[in-house]
Amino acid sequence: MTSPSQAAADAGDLTLEPEGEPGTPGNKGTPELAGRTPRQLAWLRFKRDRVGVICAFVVGFFILVAAAAPLIVKLYGKNAYDLYGQDDGLLNSSGIPIKPNGGISSDHWFGVEPALGRDVLALLVYGIRTSLLIALAVTVISVATGVLFGLTQGYLSGKTDYFMGRLSDFMLAFPQQLFFIAFSPVAISLLVNPGEQESWWVRPFVLISVQFILGWMSIGRLVRAQVLSLREREFVEAARISGASSWRIISKELLPNLWSTILVQATLLLPVFVTAEAGLSFLGVGILDPTPDWGLMFQTGANNYQSDITFMFFPGIAMVIFVVAFNLLGDSVRDALDPKTLR
Amino acid sequence: MRNSRVRLGAAAVAVAALSLTAACSSGGGDDTGGKGGASSKPTKAPVPNYGLGTAADSTGPAKAVPGAVKGGTVHDLDQAGFDYLDPAQQYVSDQLSVSLLYARTLTAYKIDPTTKKTVLVGDLATDTGKMSDGGKTWTYTLKSGLKFEDGTPITSKDIKYSIERLFADFETQGPQYIQSWLYGPDYRKLYKGPYSGQEIPANILDTPDDKTVVFHFKDAHADAPYAMAMPVTAPVPKAKDDKAAYNNHPVSSGPYKIASYKPGKSLVFVRNTNWDPATDPIRNAYPDSWNFSLGIAQPGLTQRIMAGSGDDKYAIDLSGVADPTQMAALTSDAQYKSRTVNEYQPYVETLDINTKRITDPKVRQAIAYAFPMSQVQQVFGGAAQGDLGTTLLSPTIAGWKDFDPFGKKAKPAGDPEKAKALLKEAGNEHPTLVFPYANTPRWQKISLTIANNLEKAGFKVVRKAIDPTSYYTVVGKVNNQYDIYRTGWGADWPNASTVVPPTMDGRNLQDGTNNYSFLNDDHINTEIDRIKAITDLTKQADEWRTLSEYSLQHDTAQVPFLFDKYFNIYGTGLGGVTYNSVTGTINASTVFVKQ
């Protein structure tokens with residue numbers, strides 16, 4: 001998993017070209033004829049990007065599905081926990097759906113899961129919900145921490161900058177995937193006494209924590225670089241001379257200029273965390289049955305792909321569409337906020 | 001012995017490459033019919049009878065395998081490697097399977113290559129042993145013409161020395177039957193092994209001449225001939241014994257000797273010219289050499305044998321089972337059928353009920369009625385992985401007969417109505433059951449299945465995930481707070497004396513015994529003592545079976561649900577592959593390379 005920070009870093013630097021374009025946010029520069037704010041300009045540019053708009057709808061659809069999972073499942077009439085395949089005899093003695101194409105029928109639109117026989121549509125809808133919630137939590141915490149860290153680092157500079165910089169270098173040096181796989185079981189065993197049942201929050205908490213620990217550095221470094229160049233700009237100097245407090249300079253002068261970077265970074269980080277979460281559950285160190293989860297569906301699918309390939313399709317295709325759409329959306333957002341980026 | 005297969009261990013999830021060769025799948029097809037959808041074919045009584053062979057059965061050479069030819073090299077692919085080649089340390093099935101090639105024991109299992117009938121015969125000894133003193137004294141006479149690989153004759157002194165080695169402090173992994181029968185449970189305190197210069201006195205283990213070994217046990221042990229078939233009785237020459245290091249270069253008494261051994265990588269056997277086929281009733285030893293490749297990862301190992309290119313045509317995996325991800329392809333594709341081994345293992349999967357917490361037998365019977373056998377079999381991966389089993393003894397035990405007191409064969413998917421009625425009689429229609437399970441993908445699914453069906457009968461099931469490495473320790477605690485949990489137990493030899501006493505004797509209950517249901521039934525306790533003293537093995541087997549049936553029907557402390565099965569394939573270039581149901585591995589003695 002590579003973080004898309006490199007591409008975004010270039011974008012961030014370009015924003016800071018000192019030409020003072022009217023669109024540069026926060027600069028309150030000379031207004032255009034129509035008198036549009038930078039936000040309106042960005043929105044206009046985004047609306048013109050057809051791919052971006054389609055992707056926004058797709059992403060919105062996924063988020064809607066995740067949010068409305070209980071409602072969807074209620075309307076559909078099946079839930080994600082009943083073992084329909086076993087109870088209604090839809091599986092053969094090896095646990096493979098009897099009907100072709102993974103047991104797709106009018107009752108089970110996406111078929112039934114091998115072995116346990118849960119409904120695939122209900123599983124998928126709830127699985128998306130689990131994975132998205134965890135990824136969203138990781139993104140929010142990582143971005144918040146990264147921004148705070150980068151701001152402090154860039155604004156204070158000097159020795160603080162040096163030591164904080166080395167800390168984030170140190171964290172960046174960890175191989176992420178290996179760290180997740182190695183430390184998730186350790187963290188879980190720290191929280192759960194052997195022989196006791198895990199509480200429901202243990203696994204999501206551990207997943208969020210380990211991904212957060214190695215997830216905030218890239219955005220932190222980006223923000224620091226931005227702040228370093230911004231803090232020498234005239235409007236910041238002016239604020240400082242007029243006696244503004246550090247907090248005011250950070251919150252009113254620096255932060256508004258960082259929103260585009262933060263937004264772009266967040267949209268690009270989220271799909272990375274979704275795939276990472278699914279990967280960990282797939283490898284058996286993430287969410288466990290019976291909690292529906294995207295990664296767990298891949299695990300079941302991988303074990304049964306030779307006899308029931310259909311089962312792999314639904315979570316697989318959903319994941320591909322989601323990740324591609326979210327990444328394209330991230331690109332479009334960046335284009336809209338920062339039109340000078342060359343692609 | 002406990003089921004030590006990878007099944008329970010944290011099976012690393014194979015990252016299988018997804019091949020999108022088929023646009024849509026054809027569906028599993030209904031091989032069963034009806035609700036519950038699982039095979040409920042009655043378990044067939046197996047052919048092997050595990051009796052004691054006569055002296056005539058014990059004479060060599062081994063019965064020829066039809067169509068067999070001498071020569072060639074068998075390539076064995078092994079997933080892990082062998083922790084122990086020292087016969088005194090060998091207990092796990094993969095070690096038992098390779099031991100047969102180079103270590104001869106006092107007795108051994110003779111498996112007929114055509115009928116598969118399995119009997120115990122004398123291997124080094126002329127017969128399965130002569131009993132005297134009411135089963136306390138066992139006398140073995142060695143055959144003539146027995147030699148080690150360097151040509152030194154094998155004498156009774158070598159057998160005695162190898163028994164003495166079992167007491168050394170580094171010999172910890174092997175079975176402990178013979179030691180504790182000779183000296184009692186604290187045997188290590190009473191004798192420290194031969195390296196201190198002491199021998200076992202003649203009133204315990206005697207060698208009156210070069211051909212005779214006499215065991216004087218403390219109690220009667222009618223099943224001693226079976227204990228002698230474990231590798232611990234394989235002769236070790238005193239001159240070549242360098243204690244723990246002997247593990248890497250054991251001296252051969254069998255048809256093959258070790259040509260080279262790189263632990264964890266390879267092990268090559270070539271013919272031992274000092275082995276005389278005329279003395280050996282069980283080993284055909286057709287191939288000229290055996291070439292073991294160790295540390296081959298799954299599922300690649302199974303896929304290599306399936307593909308069979310190059311030397312893999314002559315490949316076999318003596319003790320491992322086919323990778324679960326390949327099961328569907330192996331069971332559905334007809335081309336593999338002729339080279340598939342699918343037989344019973346000695347293990348029985350049971351759901352143990354904590355009799356200290358669930359004291360009402362009616363509630364325990366309700367669990368038995370509600371238990372979803374066929375659904376659990378589905379999650380296991382079908383009949384090739386395990387047969388529906390309704391007895392506490394495995395079909396690989398002498399005297400086994402089908403017994404089904406709860407009508408599970410008729411309703412393998414569970415009978416919630418009957419269970420509900422029993423719960424009503426018991427006066428508690430919604431008992432809570434705490435159900436711990438080993439936290440692996442397989443048992444997560446199985447525990448869900450079991451909980452789902454028990455809840456239909458009115459139980460409230462609380463599932464608790466337990467770290468798989470400490471699972472048995474946790475459920476083995478006498479004061480555990482759990483009600484139902486799965487265990488697997490297999491006999492060390494085909495006599496229920498290694499099943500009934502360890503799993504049902506309720507005296508001396510303490511943490512870590514194998515009586516996981518903590519059953520303490522006076523009738524069973526006294527019967528165990530009575531049956532142990534019976535010297536007629538056939539009668540003993542019948543009595544054990546009756547007692548296990550009593551326990552199942554009357555106490556219902558364990559609900560048996562599956563007989564584990566061995567499933568693997570071998571290369572197209574091999575023939576004469578037979579199966580040893582006692583150890584649950586392929587029998588290497590009869591394998592030959594097709595020319």
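The exercises below work through chains A and B of a predicted model.

Local features need pLDDT of at least 70, side-chain atom pairs count only at pLDDT 80 or more, and totals for chains, interfaces and linings use all residues. Residues are numbered from 1 along each chain as its sequence is written, and chains are lettered from A in the order in which they are written.

**Exercise 1.** Describe two of the spans of chain A that UniProt lists as "transmembrane region".

Solution. The unreviewed UniProt entry lists residues 172-192 and 204-223 among these regions of chain A; such annotations may be inferred rather than shown by experiment. Take residues 172-192 of chain A: this span is 81% helix and 0% strand, with its end C-alpha atoms 29 Å apart. Then take residues 204-223 of chain A, where helix makes up 85% and strand 0%, and the end C-alpha atoms are 28 Å apart. Helices (H or I, at least four residues) and strands (E, at least two) are DSSP runs, numbered from the N terminus.

**Exercise 2.** Assess how compact chain B is.

Solution. Start with the content: chain B has 15 helices and 21 strands. Its radius of gyration, taken over C-alpha atoms, is 24 Å, close to the 25 Å from the globule rule (2.2 Å times the number of residues to the power 0.38) for 595 residues, so chain B is as compact as a globular protein of that length. Next, 55% of the 595 residues of chain B count as buried, that is, 20 or more other C-beta atoms, placed from the backbone, lie within 10 Å of the residue's own. Finally, consider contacts (C-beta atoms, placed from the backbone, within 7 Å). In chain B, residues 24 or more positions apart account for 78% of the contacts with a separation of 6 or more.

**Exercise 3.** Trace the sheet of chain B that contains β6 and β7.

Solution. The order in this open sheet of four strands is β4-β5-β7-β6 (chain B), with antiparallel pairing; two strands pair if DSSP finds at least two bridges between them. At the edges are β4 (130-132) and β6 (205-206) of chain B, each pairing on one side only. β6(B) is joined to β7 (residues 212-216) of chain B by two bridges in the antiparallel sense, and B:Asp206 stands opposite B:Val214 in β7(B).

**Exercise 4.** Which strand does β12 of chain B join through ten bridges?

Solution. The partner of β12 (residues 340-353) is β17 (residues 558-569) of chain B, and the two run antiparallel. Within this pairing, B:Leu351 stands opposite B:Val559 in β17(B). Both strands belong to an open sheet with the order β13-β17-β12-β16 (chain B).

Methods:
Buried ≥ 20, exposed ≤ 12 C-beta atoms within 10 Å, placed from the backbone. Contact = placed C-beta atoms within 7 Å.
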